[in-house]
Amino acid sequence: MNTIARIALLGATSSLLAACGGGGFLNRDRPDEFAVQRQAPLVVPPDFNLVPPAPGAPRPAEGSAAEQTLEALFGGPAQRSAVETSALDRAGVAEPGIRSQVGSEGTNTVAKGRVTRDIIAAPEGDGATAQVVIPG
């Protein structure tokens with residue numbers, strides 16, 4: 001192979017490898033498709049003496065996309081049943097530092113037994129190799 005063919009082959013290979021690099025029109029900044037939210041339809045307000053909102057302030061009637069999602073998933077605030085209200089009243093108010101006290105060494109714990117310890121320490125899996133042992 002002569003030197004001109006080698007130089008041409010080297011140039012073609014270099015240009016092909018350069019095309020694999022970043023840059024160009026494929027690496028442009030794109031908008032976040034999850035941040036887009038639907039706009040409410042236009043309505044004529046009943047009171048024409050309204051003050052225009054401040055620039056950049058959220059719309060008071062719509063809320064954010066996260067609030068709309070929570071509303072759609074959970075349906076907003078619901079009244080508590082009598083049983084739930086009674087249970088919360090009996091439980092009382094938690095102490096402010098309760099989470100740090102639970103993990104302390106002075107906290108008394110109840111031993112639930114070997115079976116509970118084995119269940120908690122069991123390796124995670126899909127249960128395909130699980131076996132049942134009935135104590136006799």
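How many salt bridges does the count come to? Here are my notes on this predicted model.

1. The count comes to 2 salt bridges. As background, side chains of opposite charge can pair when their charged atoms come close. Let's take the pairs in turn.

2. One salt bridge joins the side chains of Arg80 and Glu84, at 3.7 Å from N to O. Have a look at how open these two residues are: Arg80 is exposed, with a relative accessible area of 55%, while Glu84 is partly exposed at 38%. Arg80 counts as exposed because its value is over 50%.

3. Next, helix α3, which covers residues 82-91. Of its 10 residues, the number buried is 0, so the helix lies largely in the open. Just after α3 you'll find Gly92, which takes a positive phi of about 80 degrees.

4. The side chains of Arg114 and Asp118 also meet in a salt bridge, this one at 3.6 Å from N to O. Both residues sit in helix α5 (residues 114-121), and they are 4 residues apart, about one turn of the helix. Arg114 is exposed, with a relative accessible area of 57%, whereas Asp118 is partly exposed at 37%.

5. Stay with Arg114 and Asp118 for a moment, since they turn up again in the lining of the second largest pocket. Other residues lining this pocket include Val115, Ile119, Gln131 and Pro135. Sorted by class, the lining has 6 nonpolar, 1 polar and 2 charged residues. The space in this pocket comes to about 250 Å³.

Key
Residues are numbered from 1 along each chain as its sequence is written. This is a predicted model: local features need pLDDT of at least 70, side-chain atom pairs count only at pLDDT 80 or more; totals for chains, interfaces and linings use all residues. Side-chain values use heavy atoms; hydrogens and water are left out. Buried means under 20% relative accessible area, exposed over 50%, partly exposed in between (1.4 Å probe, protein chains only). Helices (H or I, at least four residues) and strands (E, at least two) are DSSP runs, numbered from the N terminus. On a 1 Å grid over the protein atoms alone, a cavity is a set of points where a 1.4 Å probe fits but cannot get out, and a pocket is an open set with protein on both sides within 12 Å along at least five of seven lines; lining residues have an atom within 4 Å of a point. Grid points are joined across faces, edges and corners, and a volume is the space filled by probe spheres set on the points. Ala, Val, Leu, Ile, Met, Phe, Trp, Tyr, Cys and Pro count as nonpolar, Asp, Glu, Lys and Arg as charged, and the others, Gly among them, as polar. A salt bridge is a side-chain nitrogen of Lys or Arg within 4 Å of a carboxyl oxygen of Asp or Glu.
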